[in-house]
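Biologist: Could you take me through the side-chain packing of this model? I would like to put short questions as we go.

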Amino acid sequence: MNYQETIDYLLSYLPMFQRIGAAAYKADIYNTVELMKALGNPEKKFKSIHVAGTNGKGSSSHLIASILREKGLKVGLHTSPHLKDFRERIKIDNKMCDEEFVINFVENNKELIERIKPSFFETAVAMAFTYFAQENVDIAIIEVGMGGRLDSTNVINPLACLITNISFDHTQFLGNSLEKIAEEKAGIIKQNTPVVISQTQKETQNVFSAKADEKNSPICFADSYLSCENVNHSQGLLKMDIYKNGVERIKNLQSSLSGYYQQKNILGVVALIDTLNQYHNFNISDEEIKQGIENLSSNFPIAGRWQTLCNKPLTICDTGHNEDGLKYVIEQIKNTPHEKLRFVLAMVNDKDVNKVLSMLDKDAEYYLSQAKIPRALPVDELAEKAQQAGLSFTKYATISQALAQAQQDSEENDLVFVGGSTFTVAEVV
């Protein structure tokens with residue numbers, strides 16, 4: 001098989017949550033444990049950092065990887081889902097794994113895959129861990145797929161854990177309260193392993209503290225001692241100073257991740273680096289933290305996070321797709337100067353669509369469509385719900401058609417925004 005045939009095989013043979021939803025979800029880590037055993041337990045052959053959370057875990061993982069690369073380490077990064085190429089999930093020092101590695105892994109382990117019948121995600125995790133072990137990375141940043149306790153990645157014993165924001169998402173699997181969702185995320189906290197919480201939330205604070213106590217693990221809430229001051233969003237950059245216990249620590253920090261929500265992510269990342277320094281003697285300086293964040297686009301670039309696609313008309317996309325993620329996106333849209341908002345919107349079928357639509361600007365013009373995945377919410381259903389929500393809209397067969405029309409309809413000072421799901425954004429970046 002060539003590379004494309006290999007990916008087609010994985011997609012056709014293995015259930016993939018991002019494409020089909022609940023049918024691909026496995027409520028245990030048995031398959032991953034079996035895969036690891038058969039592969040010689042590669043997860044035990046490299047140091048790691050585990051990152052969970054509802055929103056922000058992808059951005060945080062990339063930022064941590066960038067800072068550690070700035071330190072001169074050989075850094076592996078496993079994230080999901082991918083936007084364009086499967087190999088985005090498996091990187092070392094911003095270089096995707098070779099196509100040949102993917103082909104060989106599948107060919108060498110086809111019998112194993114067909115015997116265990118893992119999901120697509122479980123297979124991707126096994127492949128990533130094998131690659132990181134084979135390439136002798138100094139450290140790997142491992143992003144949780146969903147939840148934490150039962151996630152396939154939860155077979156590692158990391159140096160430290162980071163848990164970002166907790167909000168309502170995948171409630172059919174993780175629970176219908178923030179406390180229950182936090183319990184699932186807290187499942188990554190290991191015995192005697194320090195954990196950082198990016199954002200203090202009253203509903204979840206005690207959940208994390210209790211789990212850390214149970215595991216005898218030091219816990220740190222980033223916003224208890226770090227803060228962002230003098231924050232400014234301009235020219236596609238987030239600019240700010242970071243203070244520690246009220247004293248200036250990192251001045252004139254600039255991040256290409258310019259979404260409003262990135263302030264919380266950055267504090268969590270800085271606290272995670274502090275934790276590595278405190279418990280594992282990484283000796284990463286504030287200057288290396290600053291350079292790592294500022295050099296993200298060259299060290300470990302990430303697409304689809306408040307990303308400008310075009311300036312005439314101003315066209316921005318963001319992968320925010322649940323209530324909490326969209327809250328920040330909507331606020332940032334309001335604060336971005338524009339005359340008319342033209343919103344290209346497509347969603348997946350297992351989100352609280354009515355809740356999302358109720359949050360949106362009634363004065364905007366909506367260009368509705370659906371992503372090219374089985375899990376996409378059909379555009380006719382989205383249109384029916386948009387009508388009930390009192391939105392003005394037109395329907396399009398594809399996201400690219402919707403975007404082209406939104407841009408064509410725009411006057412000089414209009415804003416075009418593309419969002420609603422990761423898969424919406426994947427079709428335009």
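Modeller: What follows covers aromatic pairs, nonpolar cores, helix faces and salt bridges, in a model that is predicted.

Biologist: How many aromatic pairs are there?

Modeller: The count comes to nine aromatic pairs. In one of them, the ring centres of Trp-306 and Phe-417 are 5.9 Å apart and the planes stand at 35 degrees, so the pair is tilted.

Biologist: Where do Trp-306 and Phe-417 lie in the chain?

Modeller: Trp-306 is in the loop between α12 (296-299) and β12 (307-311), while Phe-417 is in strand β17 (residues 415-419). The two are 111 residues apart, and the pair links distant parts of the chain.

Biologist: Is Phe-417 buried or exposed? And what about Trp-306, buried or exposed?

Modeller: Phe-417 is buried, because its relative accessibility is 1% and the limit for that class is under 20%. Trp-306 is buried as well, with a relative accessible area of 8%.

Biologist: Which kind of pair do Phe-343 and Phe-417 form?

Modeller: Phe-343 and Phe-417 form an edge-to-face pair, at 5.0 Å between centres and 65 degrees between planes. Phe-343 belongs to strand β14 (residues 341-345) and Phe-417 to strand β17, so this pair ties together parts that are 74 residues apart in sequence. Phe-343 is buried, at a relative accessible area of 3%.

Biologist: Which residues make up the cluster linked by ring pairs?

Modeller: The cluster consists of Trp-306, Phe-343, Tyr-366 and Phe-417.

Biologist: Staying with rings, which residue lies over the face of Tyr-3?

Modeller: That is Arg-87, at 5.5 Å from the ring centre of Tyr-3. In another case, Lys-110 lies over the face of Tyr-9, at 4.9 Å from the ring centre.

Biologist: Let us turn to the nonpolar interior. How many residues has the largest nonpolar core?

Modeller: The largest nonpolar core has 41 residues. Those with the most contacts inside this core are Ile-49, Ile-64, Leu-68, Ile-141, Ile-266, Leu-272 and Leu-276. Helix α10 (residues 262-280) gives the most to this core, namely eight residues.

Biologist: What is Leu-272 in contact with, leaving aside its neighbours within four places in sequence?

Modeller: With those neighbours left aside, Leu-272 is in contact with Ile-49, Ile-64, Ala-160, Cys-161, Leu-162 and Val-196.

Biologist: What does the second, separate core include?

Modeller: The second core has 37 residues, among them Leu-14, Ile-90, Ile-92 and Ile-156.

Biologist: Now the helices. Which residues of α16 are buried?

Modeller: In helix α16 (residues 399-409), the buried residues are Ile-399, Ala-402, Leu-403 and Ala-406. Viewed down the axis of α16, they fall within an arc of 95 degrees, so they line one face of the helix.

Biologist: What covers the buried residues of α16?

Modeller: The cover includes β13 (314-317), β14, β15 (365-368), β17 and α17 (422-426). Of these, β14 holds Phe-343 and β17 holds Phe-417, the residues of the edge-to-face pair.

Biologist: And which residues are buried in α8?

Modeller: In helix α8 (residues 178-185), Leu-178, Ile-181, Ala-182, Glu-184 and Lys-185 are buried. Their arc around the axis is only 155 degrees, which puts them on the same side of α8.

Biologist: On to charges. How many salt bridges does the count come to?

Modeller: The count comes to 13 salt bridges. One of them joins the side chains of Glu-34 and Lys-37, at 3.7 Å from N to O.

Biologist: How are Glu-34 and Lys-37 placed in helix α3?

Modeller: They are three residues apart in helix α3 (residues 30-38), so about one helical turn separates them. Glu-34 is partly exposed at 23% relative accessibility, whereas Lys-37 is exposed, with a relative accessible area of 54%.

Biologist: Which residue meets Asp-286 in a salt bridge?

Modeller: Asp-286 meets Arg-249, with an N to O distance of 2.9 Å. Asp-286 lies in helix α11 (residues 286-294) and Arg-249 in strand β11 (residues 247-255), so the bridge ties together parts that are 37 residues apart in sequence.

Biologist: Is Arg-249 buried or exposed?

Modeller: Arg-249 is buried, with a relative accessible area of 18%, while Asp-286 is partly exposed at 30%. Through shared partners, salt bridges join Arg-249, Asp-274 and Asp-286 into one network.

Note on methods: Residues numbered from 1 in each chain as written. Predicted model: local features only at pLDDT ≥ 70, side-chain atom pairs only at ≥ 80, totals over all residues. Heavy atoms only, no water. Phe/Tyr/Trp six-rings, centres within 6.5 Å; stacked < 30°, edge-to-face > 60°. Helix = DSSP H or I, 4+ residues; strand = E, 2+ residues; numbered from the N terminus. Buried < 20%, exposed > 50% of the residue type's maximum accessible area, 1.4 Å probe, protein only. Lys NZ or Arg CZ within 6 Å of the ring centre and 35° of its normal. Core = buried A, V, L, I, M, F, W, Y, C linked by side-chain atoms within 4.5 Å. Contact = heavy atoms within 4.5 Å. Arc of directions from axis to C-beta. Salt bridge = Lys/Arg side-chain N within 4 Å of Asp/Glu carboxyl O.
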